[in-house]
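Q: Could you take me through one helix pair in this model up close, and then show me how that spot ties into the rest of the fold?

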Amino acid sequence: MPGRPRTWFRGLSRPSGRDVVSGLVTGLFSIPEGMAYASVGGFSPVLGLYSGMFPAIIGSFFARTVLMVTTLTSALALSSQSVLAEAGLDPADLGNVATLTVLVGLMMILFGVLRLGSIMNFVSSAVMTGFTTGIAVQILTGVLGDATGYEPRVHNKVAQAADWLVHVTDWDPSTTALAAGTVVVWFAARSWARIRTLAMLIALIAATVAAPVFSLDVETVGDIASIPASLPVPVLPELSVVPELLVGAVAVTLVALAQAAGIAAAVPNPDGSRTSASGDFVAQGLANVAGGFLRSLPVGGSLSRTGVATDAGARTRWAGIFAGLWLTAVVLVAGRFAEYIPMPVIGGLMLIVGAELIVGQARHVRLVLRTSRLSTAAMAVTFLATTQIPLQQAIFLGALLSLVFYCVQAARRAKLVALRSDGGGWRVADPPEVLPARQVTVLHYAGSGFFAGFGSVGEQWPRTDGAAPAVLILSVRTLTDIPSATVLEGLARRAEELRASGSLLMLAGLDARFRKILDDSGVLARVGADNVFEADDEVFGALDRAAHAAHVWIAGHRRTE
């Protein structure tokens, strides 16, 4: 086809010059950001570099969202730190890190194989807003020591910020000046559109050069870890700690997948191909399994790194592959130079990242505040949990809140509406309080799921006293979930109550799966097989057939009166 790129192995199109340049920009950007993220999580900065090498290559190779860059994020660094700390394991032990990373990868692959990508749609935006804002606060408080030379003396994250401000006279002048200078240079570079995407790298280089020029005595990366100019030496996971890390790995997996879920919507595939959340789960899982053996921290789809790549002109998955290749080349050629990077510079860069996260979330916070009090409460609880309790516990709490939030919303939306035929179609009306005698009443269930809303539907069900003979048709065409035992028993009980009063219940619009469940559970016999009408190609076909049968039944009972 004209204009269609020629493909190579596994559907890879020919790399373009834009992809090569985009990969270079993204790879260079990964140096300061990757080291900073690892540092804020309490890990060696070199692990942040390794997390952007082979995991990025493998993730981009297999991702269904072709521009998604798989690498370390701030939330993953903090989550990993929290999981290891809660398990009482040393984050400096590479075997522990490898075990966590591989476990996260296996969890992701399992989620993808089971095609659970759709579960991310049920994570409340209010919960994610509270979680992301809490992560931003964690980032800011986590780098206070690197940025000012003063370590807050309290454990509470919010209190740390207050303690930091109260003890401003205890800040180290050289450390503070270098961190502040990093922010100033970044802001100046960010203001120039042509070098906007390289602002972090420019700030990193300029501030690093300024430290020896102005004879600033500050801690450097080399004081914490040695960065060899070589590929990462493979490391084996420590299998003995798997039981301690298993639950925590699920928490880190949920963080990674929730972060990556929004990338497909924000950055659609340029070639028009369909994305797949489950396919992206597998890609991220493979990146983690391989990265775990190559000294990588847990990784996932990074919106910031993906944004850098697209801003720099990425057109295909080659951009992410080249990002990993370029970073690998830079580490091999000039890895040792990274040891001269001052820690206040990384602290300054992380202050920027944290501030950008907070600014970016401001719009979402305002939206949640204007939505409902329930959404506001969910956001506030998640934010407080993220800043007050171990992060993996906050993650599970957020997931539970999302589930509760969804069920409450589904129950609120659930209702019965009456459908009335005017000869040319069906019109919506309020359901009657009492079932009219000698008439056919059609009720349609309007809601996102019958299970969540069945309780409230029962309250709207019309009374049947004195209605006989009458027919109530329940339209269930729009139901998408599998009916629970509660729903099945409720339908059977309604059918028997109507039959006992001399009336009839009919079901219209159910699919073959629903009918089979009714049959297997014995409910079909209690309702009556002749009173169940399956959906067909016509939207109201089943309802029309049910209505005709209902009128015939009422007419027959009138003749016998």
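A: Let's start with the handedness: α4 and α5 cross in a right-handed way. This is a predicted model, by the way. The two helices cover residues 74–86 (α4) and 94–113 (α5), and their axes come within 11 Å, crossing at roughly 115 degrees.

Now for who meets whom. On the α4 side you'll find Ser80, Val83 and Leu84, and they meet Asn96, Val97 and Leu100 from α5. Sorted by class, that contact has 4 nonpolar residues, 2 polar ones and no charged ones.

Next, have a look at Leu245. Far along the chain as it is numbered, Leu245 touches Val83 and Leu84 as well as Asn96 and Leu100, and its other partners beyond four places in sequence are Ala87, Leu89, Thr99 and Leu103. Val83 and Leu84 belong to the α4 side of the helix contact, Asn96 and Leu100 to the α5 side, so Leu245 touches residues from both helices of the pair.Leu245 also turns up among the residues with the most contacts inside the largest nonpolar core, alongside Met35, Ile341, Ile346 and Met350; that core has 70 residues. There's a second, separate core too, with 27 residues, including Ala414, Leu416, Ala470 and Leu472. As a rule, nonpolar side chains in soluble globular proteins tend to be buried together.

Zooming out, the protein has 22 helices and 8 strands. Buried residues account for 49% of its 561 residues. Of the contacts between residues at least 6 apart in sequence, 82% join residues at least 24 apart. The C-alpha atoms fill a box of roughly 105 × 60 × 50 Å along the principal axes.

Terms used: Residues are numbered from 1 along each chain as its sequence is written. This is a predicted model: local features need pLDDT of at least 70, side-chain atom pairs count only at pLDDT 80 or more; totals for chains, interfaces and linings use all residues. Side-chain values use heavy atoms; hydrogens and water are left out. Axes are lines fitted to C-alpha atoms, for helices over the stretch in contact, and angles run from 0 to 180 degrees between N-to-C directions. Helices (H or I, at least four residues) and strands (E, at least two) are DSSP runs, numbered from the N terminus. A crossing is left-handed if the near helix is turned anticlockwise from the far one by less than a right angle, and right-handed if clockwise. Contact means heavy atoms within 4.5 Å. Ala, Val, Leu, Ile, Met, Phe, Trp, Tyr, Cys and Pro count as nonpolar, Asp, Glu, Lys and Arg as charged, and the others, Gly among them, as polar. A nonpolar core is a set of buried Ala, Val, Leu, Ile, Met, Phe, Trp, Tyr and Cys residues joined through side-chain atoms within 4.5 Å. Buried means under 20% relative accessible area, exposed over 50%, partly exposed in between (1.4 Å probe, protein chains only).
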